[in-house]
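The following report describes one protein chain, moving from the chain as a whole to its helices and then to single residues.

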Amino acid sequence: MEQTFTDLRRERAGVLWIFTETFAGIVRERATDLGRLAMTSNVFRIVKFAALAVAGLMVAGIVTVMLLARGTGEDITGVVAPALLLVVLSVVAFVVATVMQGRQRKRDVAG
C-alpha cells in the first residue's frame with residue numbers, strides 16, 4: 001500500500017513537472033511573436049477599451065450592491081472589496097496601455 005502511494009505521488013509530481021516544462025517552452029517560443037504582434041497592432045487600444053469597460057461594469061455593480069444592501073445591515077465588504085480591487089487594476093491597465101500606445105506612436109513617427 002505504501003509503495004503504491006509513493007508511486008502515485010512520484011507519477012503526479014512527474015506529470016506536473018512535464019506540464020510546467022511544456023508550458024514554459026510554449027511561452028518562450030511565442031514571447032517574441034507576441035511582442036511583435038503587440039507593437040504592430042491595435043492591442044493597446046483594445047486593452048484601453050476593455051479596461052474601461054471592466055471598470056465601468058464593476059462600478060455599476062458596486063453601486064447596485066450598495067443600493068440593494070442599504071438599510072439591511074448586511075456586510076457587503078466581501079463583494080465590494082474585490083470589485084474595487086478589479087476597478088483599480090483596470091485603471092492601472094488603462095494607464096499602462098495609454099503610455100505604451102503613446103510610445104508606440106512616437107516610434108512609428110520617428111521610424
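What does the accessible surface of the protein chain come to, and what share of it belongs to carbon and sulfur atoms? In this predicted model, the accessible surface comes to about 9000 Å², and 69% of that area belongs to carbon and sulfur atoms. Of the 111 residues in the protein chain, 14% are buried.

**Overall architecture**

The secondary structure of the protein chain consists of three helices and zero strands, which gives the pattern α-α-α when read along the sequence. When contacts between residues at least 6 apart in sequence are considered, 75% of them join residues at least 24 apart.

Two of the helices, α2 with residues 43–69 and α3 with residues 77–110, are set side by side in the table, where the reach is taken from the first C-alpha to the last.

| Helix | Residues in helix | Reach | Expected at 1.5 Å a residue |
|---|---|---|---|
| α2 | 27 residues | 38 Å | 39 Å |
| α3 | 34 residues | 49 Å | 50 Å |

For α2 the reach is close to the expected value, and the reach of α3 is likewise close to the value expected for that helix. After α2 comes G71, which has a positive phi, near 80 degrees.

**Buried positions and the nonpolar core**

The buried residues of α2 are F44, K48, A51, A55, I62 and A69, while in α3 the residues V80, A83, V87, S90, A97, Q101 and Q104 are buried. Five residues, namely A55, I62, V80, A83 and V87, form the largest nonpolar core. Both α2 and α3 supply at least two residues of this core, and α3 gives the most to it, with three residues. As a general tendency, nonpolar side chains in soluble globular proteins are buried together.

Within this core, V80 has its place in helix α3, and V80 counts as buried because its relative accessibility is 13%, under the 20% cut-off. Once residues up to four places away in sequence are set aside, V80 touches I62 and V65. V80 and V59 are 21 residues apart along the chain, and their C-alpha atoms are separated by 9.4 Å.

**A buried lysine in α2**

Is K48 buried or exposed? K48, whose place is in helix α2, is buried, because its relative accessible area of 17% falls under the 20% cut-off. With neighbours within four places in sequence left aside, K48 is in contact with F94, A97, T98 and Q101. Among these partners of K48, A97 and Q101 belong to the buried residues of α3.

**A nonpolar patch on the surface**

Which residues make the nonpolar surface patch of about 250 Å²? This patch is made by V59, V63 and L67. One of them, V63, lies in helix α2, and V63 counts as partly exposed because its relative accessibility is 42%, a value between the cut-offs of 20% for buried and 50% for exposed. Helix α2 thus includes both the partly exposed V63 and the buried K48, and α2 also supplies at least two residues of the largest nonpolar core.

Terms used. Residues are numbered from 1 along each chain as its sequence is written. This is a predicted model: local features need pLDDT of at least 70, side-chain atom pairs count only at pLDDT 80 or more; totals for chains, interfaces and linings use all residues. Side-chain values use heavy atoms; hydrogens and water are left out. Helices (H or I, at least four residues) and strands (E, at least two) are DSSP runs, numbered from the N terminus. Buried means under 20% relative accessible area, exposed over 50%, partly exposed in between (1.4 Å probe, protein chains only). Contact means heavy atoms within 4.5 Å. Patches are made of residues with over 30% relative accessible area and no salt bridge: like charges are joined within 9 Å, nonpolar side chains (Val, Leu, Ile, Met, Phe, Trp, Tyr) within 5 Å. Accessible areas come from the Shrake-Rupley method with a 1.4 Å probe; for residues, only the protein chains shown count as cover. A salt bridge is a side-chain nitrogen of Lys or Arg within 4 Å of a carboxyl oxygen of Asp or Glu. A nonpolar core is a set of buried Ala, Val, Leu, Ile, Met, Phe, Trp, Tyr and Cys residues joined through side-chain atoms within 4.5 Å. The expected span of a helix is 1.5 Å times one less than its number of residues.
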